[in-house]
Every structure is written in C-alpha cells, then in structure tokens.
Amino acid sequence: MLKKLLVIVLIGGIIWACGGSDNSQNKLAKSDKVAEASAVDGKAIFQKNCVVCHGINGDMGVNGAYNLQNSQLAVEERINVITNGRNTMAAYKEILSADEITAVAQYTTTLGK
Ligand code: HEC
C-alpha cells in the first residue's frame, strides 16, 4: 500500500516537473519576441496564413509579396495592411481576429533578426 502511494507521488512529481519547466520556457520565449498579445501566437498565425507568399522568413516574395525583413512600416501600419489588404495582398479582417492581426503584425517585426 505504502509502495503504491510512493509510486503515484513519484510519477506525479515527474509530470509536475516537466510541465513546470516547459511552461516557464514558453513564457520566456514569448515575452522575448511579443511583448503584448501573448494569448495568441503570432508565429503560428504567420506560418498558417502568410508563408505561401512571404515565406517562412518573410523574404520569399511570391506574387510580388513584400520582403518583410526590409519593411520599414510601424506595427500600426502593418496592422492596417493586414486588416485591409493592399494591392495583391488580401485583407485579413474576415479571416483573423483583431488580436490575431496584432500578434502576427508584431511577429513580422522579428523576421530576419
Ligand atoms: C497572396 C499573397 C500574400 C499573402 C498570403 C500575404 N501577403 Fe502580405 N503582401 C503581399 C504583397 C503582394 C504585398 C505588397 C503589397 C503592395 O505592393 O502594396 C504584401 C505586403 C505586406 C506588408 C506590407 C509591408 C511593407 O513594408 O509595405 C505586410 C506587413 C504584410 N504583407 C504582412 C502579411 C501578413 C502578416 C500576412 C498573413 C496574415 C500576409 N502578409 C499574407 C502578398 C501576400
């Protein structure tokens, strides 16, 4: 009986230790890159919606897509381009929420750095 209990406590401890360290690493990585809007993952949104034209590093340039590594736009202006589109770049206001657009706009500022 006592042995069983010990095993359970041990396994619980291992799970807790793994979960705990994973969590703190995640938080660190996110707060490094994205100061706000940490609830949504800008990188994941970028990889799902934007890489077809901009590429994984933002510099692929399919269909004349702007090289995001060279973008001089402020985050607010990027949010505007992503929300409303510009020329061949589609508008994302029907596809992404405002929070998601903010997160992905912030993520684009980290490309190539
Ligand atoms: C269909 C291809 C395509 C997709 C998909 C696409 N873009 Fe673009 N993007 C473009 C093109 C083309 C331009 C240049 C628009 C122009 O010439 O006015 C552009 C421009 C931009 C700019 C402006 C850069 C600058 O400095 O002027 C940003 C920011 C941007 N895209 C972000 C994104 C994000 C974030 C996503 C995903 C949510 C995305 N794009 C998805 C094609 C695309």
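Here is a friendly chat about a predicted model, its iron site and its nonpolar core.

Colleague: Let's start with the metal. Which residues coordinate the iron atom of the ligand?

Modeller: His 54, through NE2, and Met 89, through SD, coordinate the iron atom at 2.0 Å. Donors are N, O and S atoms within 2.8 Å of the metal, so both atoms count.

Colleague: What makes the site of the iron atom octahedral?

Modeller: The iron atom has six donor atoms, with angles of 86 to 179° among them. Six donors count as octahedral if opposite donors are over 155 degrees apart and all others lie between 65 and 115. The site is octahedral by that test.

Colleague: Where in the chain do His 54 and Met 89 sit?

Modeller: His 54 is in helix H3, residues 51-54, whereas Met 89 is in the loop between helix H4 (75-84) and H5. They are 35 residues apart, and the pair links distant parts of the chain.

Colleague: Why is His 54 called buried?

Modeller: Its relative accessibility is 9%, and buried means under 20%, so His 54 counts as buried.

Colleague: And why does Met 89 count as partly exposed?

Modeller: Met 89 has 25% relative accessibility. Buried would need under 20% and exposed over 50%, so Met 89 falls in between and counts as partly exposed.

Colleague: How do you know that Arg 86 makes a polar contact with the ligand?

Modeller: An N or O atom in the side chain of Arg 86 is 2.7 Å from an oxygen atom of the ligand. A polar contact needs a pair of N or O atoms within 3.5 Å, so this pair qualifies. The side chain of Asn 87 also has an N or O atom 2.7 Å from a ligand oxygen, so that pair qualifies too.

Colleague: Now for the core. Which helix gives the most to the largest nonpolar core?

Modeller: Helix H5 does, with four residues. The core has 13 residues, and Val 104 is among those that touch the most other members, along with Phe 46, Ile 82, Leu 96 and Leu 111.

Colleague: Why is Val 104 called buried?

Modeller: Val 104, found in helix H5, has 1% relative accessibility. The limit for buried is under 20%, so Val 104 counts as buried.

Colleague: Which residues does Val 104 touch, not counting those up to four places away in sequence?

Modeller: Gly 42, Ile 45, Phe 46, Cys 50 and Ile 82. Also, the C-alpha atoms of Val 104 and Lys 43 are separated by 6.5 Å, although these residues are 61 residues apart along the chain.

How values were computed. Residues numbered from 1 in each chain as written. Predicted model: local features only at pLDDT ≥ 70, side-chain atom pairs only at ≥ 80, totals over all residues. Heavy atoms only, no water. Core = buried A, V, L, I, M, F, W, Y, C linked by side-chain atoms within 4.5 Å. Buried < 20%, exposed > 50% of the residue type's maximum accessible area, 1.4 Å probe, protein only. Helix = DSSP H or I, 4+ residues; strand = E, 2+ residues; numbered from the N terminus. Donors = N, O, S within 2.8 Å, 3.2 Å for Na, K, Ca; no water. Tetrahedral: all angles 85-135°; square planar, octahedral: opposite > 155°, others 65-115°. Contact = heavy atoms within 4.5 Å. Polar contact = N/O pair within 3.5 Å; in protein donor to acceptor, adjacent residues only side chain to side chain.
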